[in-house]
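Q: I would like a close look at one part of this protein, with enough of the surroundings to place it. Please keep to what can be read from the model.

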Amino acid sequence: MLATALGALLLPLAALALPFGAGESATNTITRNHEPESLPLVIWHGMGDSHSSPGMLKFGELIQKIHPRIFIHSVYIEEKASEDQKAGFFGDLEEQLEVVSEQLRGIPELQDGFDAIGFSQGGQFMRAYVEWYNDPPVHNLITFGSQHMGVAGMPPCRAFDVICLMARAAANRGVYTEWAQKNLIQAQYYRDPARLEQFLEYNRFLTRLNGEVPETRNATYARNLASLSNLVLVMFSEDDMVIPKESSWFGSYTPVEDPEMISDSQGASVNIMGAGGIPREIVPMRMQPMYVEDWVGLRELDERGGVSMEICEQRHMHLPPECWEGLVKRFVGGGWGSDDRKAGSALREEAKKFAVQAK
Ligand SMILES: *[C@@H]1O[C@H](CO)[C@@H](O)[C@H](O)[C@H]1NC(C)=O
C-alpha cells in the first residue's frame, strides 16, 4: 500500500539518494502550477532523506491529489540529492538556515506566504525559519515526529547508513564541543538531561530556538512564532527513534541531578532511566520554563488556540493516510481568497483575527 511505502521511504535509507546519480541535479520544485486561491506549501525532509527522494516526491504527489494545483517547494541545502542527504548529518544549522531563508525569499510563488510541513528534524528546522526569518511568512506549520525539545540520545542509524554511522561515531567522541556543535547536525539538537549545564554553554542552535539562553532571546523571534495561524505537532506513539518521543510535543525528560548512565545498542550514553531504573518523567509542554515564561511565543500561540497536538499510532515517520490526510486537508492549501492575500504582516494580522473569530 502507498502509505506503507511512503512510511518506509521517509525513513533514513542511504539508498534513497541513488536514483539521482553523481552530477545529476534533481529539480527541487515539485510543481510550478500555481493556484492563486490556495497558499503554496514548503516541505522540509528528515534525517537520512533528501529534497527529491522518492519518498518526498511521492508525498508531493499525494498532496496534489488533495490540492490539485498547489505549488510545492522541497527545501534543499545542496541541489545534488546525495549532498543534500549528507547536509542532514554534517554542517552548521545556523548557516543552513541562512541558505534556506535566502532560497525561500527568492521563490516568487512564495512571496505572499506559505504553509509548511517539516518531517522529523526538518520540523524544528522549519520552526527556526519561522522564528528567525519568517520572510515570506508561514501560515500553518505541521511537524511530524520532530524534536522540538531536542533529543536525550542520538537517533539510531539504520544498518548500512554509512553517513549516519560516521556522524554518530564523531558525536560519540564528544557532543558538547565547539567542533561538534558547528559540524554535526544531530549534536545541535542534542539536549542531555544529565548535562544541561554543558548543553546551555555549548549548544547554539536549540538553546536559541527555545530561548533557553537569555542573551539569545529576541522579541522578534517570539512575535514570529506567535504569528503562525496554527502549529500542528504530530507525535508518533510508537516512536523509538526520537528520545523521548514527547519531544514532538515539546516534552523533555526531567533534568538529571544524579545521572545513572546506561548505554544504548550503539554505545552512546543515554539517560532514559532514573534512580532505580524507573523511566524518567516527562516535563510536558505547558510545564516547560520556555513555555511558562513564554521565551519564544509558544505560550501566546497556544493560548490563542494555535497549537494542535496530534497523535499518530505508528513508529517514527510511518504515515498511513489517517495520520496525515485530514491534517493536509485542514491545514494545507487553504485559501485566503486572492483579494485577502497580502504579504507579510498584513497576512499575519488577518490570520490572527481569523483565529480569534474562530474560537
Ligand atoms: C532581534 O532579531 C532581529 C531579527 O533578526 C534583529 O534585527 C535584531 O537586531 C535582534 N535584536 C537583538 C536585541 O538582538
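How many bridges join strand β1 to strand β3, and do the two run parallel or antiparallel?

A: The model is a predicted one. Strand β1, residues 41-44, is joined to strand β3, residues 114-119, by four bridges, and the two strands run parallel. One pairing can be given by residue: Val 42 has Ala 116 of β3 as its bridge partner. As background, strands of a sheet pair through backbone hydrogen bonds, in either a parallel or an antiparallel way.

This pair belongs to an open sheet of six strands, ordered β2-β1-β3-β4-β5-β10, with parallel pairing. At the edges are β2 (72-74) and β10 (307-312), each of which pairs on one side only. On average, neighbouring strands of the sheet are turned by 15 degrees against each other, direction ignored. For the wider setting, the protein chain has 14 helices and ten strands. Of its 359 residues, 50% are buried. Among contacts with a separation of 6 or more, 76% are between residues 24 or more positions apart.

Next come two helices and their contact. Helix α4, residues 93-105, packs with α5 at an angle of about 70 degrees, and the axes are 10 Å apart. Angles of 65 to 115 degrees count as roughly perpendicular, so α4 and α5 are roughly perpendicular to each other. Their crossing is right-handed. On the α4 side the contact is made by Leu 93, Leu 97, Val 100 and Ser 101, and on the α5 side by Phe 125, Ala 128, Tyr 129 and Trp 132. By type, the residues of this contact are seven nonpolar and one polar, with no charged residue.

The loop after α5 holds a cis peptide bond. Pro 136 lies between α5 (121-132) and β4 (138-144), and the bond from Asp 135 to Pro 136 is cis, with omega near 5 degrees. β4 is also a member of the six-strand sheet, where the order places β4 between β3 and β5.

A second cis bond is found in the loop between β5 (230-236) and β6 (252-253), where Pro 244 lies. The bond joins Ile 243 and Pro 244, and its omega is about -10 degrees. Phe 250 is in the loop between β5 and β6 as well. Phe 250 is not a glycine, yet its phi is positive, near 65 degrees. Is Phe 250 buried or exposed? A residue is buried if 20 or more other C-beta atoms lie within 10 Å of its own; Phe 250 has 25 such neighbours and therefore counts as buried.

Asp 294 also has a positive phi without being a glycine, at about 50 degrees. Asp 294 sits in the loop between α11 (289-292) and α12 (298-303). With 18 other C-beta atoms within 10 Å, Asp 294 is partly exposed.

Leu 298 can be placed relative to Arg 223: the two are 75 residues apart along the chain, and their C-alpha atoms are separated by 9.5 Å. Arg 223 belongs to helix α10, residues 219-226. Arg 223 is partly exposed, with 16 other C-beta atoms within 10 Å.

Note on methods
Residues are numbered from 1 along each chain as its sequence is written. This is a predicted model: local features need pLDDT of at least 70, side-chain atom pairs count only at pLDDT 80 or more; totals for chains, interfaces and linings use all residues. Two strands pair if DSSP finds at least two bridges between them. Axes are lines fitted to C-alpha atoms, for helices over the stretch in contact, and angles run from 0 to 180 degrees between N-to-C directions. A residue is buried if 20 or more other C-beta atoms lie within 10 Å of its own, exposed if 12 or fewer, and partly exposed in between; C-beta atoms are placed from the backbone. Angles under 35 degrees count as roughly parallel, over 145 as roughly antiparallel, 65 to 115 as roughly perpendicular and the rest as oblique. A crossing is left-handed if the near helix is turned anticlockwise from the far one by less than a right angle, and right-handed if clockwise. Two residues are in contact if their C-beta atoms, placed from the backbone, lie within 7 Å. Ala, Val, Leu, Ile, Met, Phe, Trp, Tyr, Cys and Pro count as nonpolar, Asp, Glu, Lys and Arg as charged, and the others, Gly among them, as polar.
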